[in-house]
Amino acid sequence: MLDFLKSIYYEILSYFVPEKIEYEITGKCKKCGKCCNYMYSFDTYTPKEFKIMQFLYPAYKRFYIKGRDDKGNLIFACKYVTKEGLCSVYDKRLAMCKRYPLPKINYPAEMHKGCGYTVHKKKFSDYLKQ
């Protein structure tokens, strides 16, 4: 219970970040499936927190913890990705899957090597040019 309350507390704090940096994503999907096999959660740090997320959002039961990266971040994968990198339940995929990737995000991100999408950091000078 304490972990759950800590997660909510940190979620609330995350909305009060002093400087907002925007990242723009451009490109096209190559249907390689890497994004579905190697996902990161911006705010899930432990398997216990992931279980809480699955309890709060039952649709997340389609995901499982695949491992950790070299920085210790959890890596998630979807149970419904085929060997060819395609979604086996495409018509029933989650809204987050339909919208992925969002054209603009507010946190640092990288795309997988060989992905058709690219992340561009929007600098302050970019806003001045507009």
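Start with the charged side chains: this structure, a predicted model, holds one salt bridge. To see the pair, select Lys-48 and Asp-3, where the closest N and O atoms are 3.3 Å apart. Lys-48 belongs to helix α3 (residues 47-56) and Asp-3 to helix α1, so the contact ties together parts that are 45 residues apart in sequence. Switch on the surface and compare the partners: Lys-48 is exposed, at 51% relative accessible area, while Asp-3 is partly exposed, at 30%.

Keep the surface on for the next stop. Select Met-1, Leu-5, Ile-8, Ile-12, Tyr-15 and Phe-16, which make a nonpolar surface patch of about 730 Å². Now pick out Phe-16 from that group: you will find this residue in the loop between α1 (2-13) and β1 (22-27). Phe-16 is exposed, with a relative accessible area of 62%.

Next, follow the chain to Lys-31, in the loop between β1 and α2 (34-37). Check the backbone here, since Lys-31 is not a glycine and yet has a positive phi of about 55°. Its side chain is worth showing too: Lys-31 is exposed, with a relative accessible area of 54%.

Now colour the cysteines. How many disulfides are there? The count comes to zero. Zoom in on Cys-35, which is in no disulfide; the nearest cysteine sulfur belongs to Cys-36 and is 3.9 Å away. A disulfide needs the two sulfur atoms within 2.5 Å. Cys-35 is partly exposed, at 26% relative accessible area. Then move to Cys-78, whose closest cysteine sulfur is in Cys-87, at 6.0 Å, which is too far for a bond. Cys-78 counts as buried, with 9% relative accessibility.

Time for the aromatic rings. The structure holds four aromatic pairs. For one of them, select Tyr-60 and Phe-63: the ring centres are 5.9 Å apart and the planes stand at 70°, so this pair is edge-to-face. Is each of these two residues buried or partly exposed? Tyr-60 is partly exposed, with a relative accessible area of 24%, whereas Phe-63 counts as buried, at 6%. Add Tyr-57 to your selection, and you have a cluster of Tyr-57, Tyr-60 and Phe-63 linked by ring pairs.

Two more rings deserve a look, this time with a charged side chain over the face. Select Tyr-38 together with Lys-66, which lies over the ring at 4.1 Å from its centre. Then go to Tyr-90, where Arg-93 takes the position over the face, at 3.7 Å from the ring centre.

Back to the backbone for the last stops. Select Tyr-100 and Pro-101, which are joined by a cis peptide bond with omega of about -15°. Pro-101 sits in the loop between α4 (95-99) and β4.

Finish at Ala-109, placed in the loop between β4 (104-105) and β5 (117-122). Is Ala-109 buried or partly exposed? Ala-109 is partly exposed, with a relative accessible area of 26%. Draw a distance from its C-alpha to the C-alpha of Val-119: the two residues are 10 apart in sequence and 7.0 Å apart in space.

Terms used: Residues are numbered from 1 along each chain as its sequence is written. This is a predicted model: local features need pLDDT of at least 70, side-chain atom pairs count only at pLDDT 80 or more; totals for chains, interfaces and linings use all residues. Side-chain values use heavy atoms; hydrogens and water are left out. Buried means under 20% relative accessible area, exposed over 50%, partly exposed in between (1.4 Å probe, protein chains only). Patches are made of residues with over 30% relative accessible area and no salt bridge: like charges are joined within 9 Å, nonpolar side chains (Val, Leu, Ile, Met, Phe, Trp, Tyr) within 5 Å. Accessible areas come from the Shrake-Rupley method with a 1.4 Å probe; for residues, only the protein chains shown count as cover. A salt bridge is a side-chain nitrogen of Lys or Arg within 4 Å of a carboxyl oxygen of Asp or Glu. Helices (H or I, at least four residues) and strands (E, at least two) are DSSP runs, numbered from the N terminus. Rings of Phe, Tyr and Trp (its six-membered ring) pair if their centres lie within 6.5 Å; planes under 30 degrees apart count as stacked, over 60 as edge-to-face and the rest as tilted. A charge sits over a ring if NZ of Lys or CZ of Arg is within 6 Å of the ring centre and within 35 degrees of the ring normal.
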